[in-house]
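Subject: A structure for you to look at

Hello,

Here is the structure I promised to pass on to you. Please open it first and have a look around, then read on.

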Amino acid sequence: MASSEPTSLRFARIARSLTQAARRHGVRAPAFRSPPRRAGLTRTIQPRQGGGATVAVVLRGRPWPAVVADMIEGVIVHNGLAGARADRLRAALWASVADALEQAA
């Protein structure tokens, strides 16, 4: 993924990677979108019918690691994880997007 790749394509690529990693680790993957509907917030998590959720994050004017951190925390919160289990999943999700982040820098 080249750093000249449009922001929306990078976001979609990272969202796909996180969704696949979440499923591999046996947790629910939320949908991702941008921007949040509520002005002034950098991340929101909206529950959906059927137990799903949508994680919305602001992309513009933010470093990619901050965007990805919000997306990852959205997966953690959506699944109600805490403690060691949250830490293990968080590390796995970061690993799943590490290559994409290096190329986006």
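Below are my notes on the fold, the core, one helix pair and the salt bridges.

Before anything else, please keep in mind that this is a predicted model.

**The overall layout**

The protein chain contains three helices and three strands. If you follow the sequence, these elements come in the order α-β-β-β-α-α. The chain has 105 residues, of which 42% count as buried. Take the contacts between residues at least 6 apart in sequence: 50% of them join residues at least 24 apart.

**The nonpolar core**

A good place to start is the largest nonpolar core, which has 23 residues. Within this core, F11, L18, F32 and M71 have the most contacts. At least two core residues come from each of α1 (7-24), β3 (53-57), α2 (64-78) and α3 (83-104). Helix α2 gives the largest share, with seven residues. As general background, nonpolar side chains in soluble globular proteins tend to be buried together.

F32 is worth clicking on. Setting aside residues up to four places away in sequence, F32 touches F11, A15, L18, T19, V55, M71 and V75. One of these partners, T19, sits in helix α1. Is T19 buried or exposed? T19 counts as buried, because its relative accessibility is 14% and the cut-off for buried is under 20%. Besides F32, T19 is in contact with A29 and P30, again leaving out neighbours within four places in sequence.

**How α1 meets α2**

Next, turn the model until you can see α1 and α2 together. The two helices pack at an angle of about 35°, and their axes are 11 Å apart. The crossing of α1 past α2 is right-handed. On the α1 side, the residues that take part are T7, R10, F11, I14, A15, L18 and A22. They meet W64, V67, V68, M71, I72 and V75 of α2. Sorted by class, this contact is made up of 11 nonpolar residues, one polar residue and one charged residue.

**The salt bridges**

How many salt bridges does a search of the whole structure find? There are four, and I will describe three of them here.

D70 pairs with R43, and the closest N and O atoms of this pair are 3.6 Å apart. This bridge links distant parts of the chain, since D70 belongs to helix α2 and R43 to strand β2 (residues 43-47), 27 residues apart. D70 is buried, with a relative accessible area of 12%, whereas R43 is partly exposed at 30%.

D70 also forms a salt bridge with R62, where the closest N and O atoms are 2.7 Å apart.

The third one joins D87 and R90, with 2.8 Å between the closest N and O atoms. Both residues lie in helix α3, three residues apart, or about one turn of the helix. D87 is partly exposed, with a relative accessible area of 47%, and R90 is partly exposed too, at 22%. As for the bridges that share partners, they join R43, R62 and D70 into one network.

If you would like a short tour, begin at F32 among its core partners, move on to the place where α1 passes α2, and finish at D70 with R43 and R62.

Enjoy exploring, and do write back with any questions.

Best wishes

Terms used:
Residues numbered from 1 in each chain as written. Predicted model: local features only at pLDDT ≥ 70, side-chain atom pairs only at ≥ 80, totals over all residues. Heavy atoms only, no water. Core = buried A, V, L, I, M, F, W, Y, C linked by side-chain atoms within 4.5 Å. Buried < 20%, exposed > 50% of the residue type's maximum accessible area, 1.4 Å probe, protein only. Helix = DSSP H or I, 4+ residues; strand = E, 2+ residues; numbered from the N terminus. Contact = heavy atoms within 4.5 Å. Salt bridge = Lys/Arg side-chain N within 4 Å of Asp/Glu carboxyl O. Axes fitted to C-alpha atoms, helices over the stretch in contact; angles between N-to-C directions. Left-handed = near helix turned anticlockwise from the far one by under 90°. Nonpolar A, V, L, I, M, F, W, Y, C, P; charged D, E, K, R; others polar.
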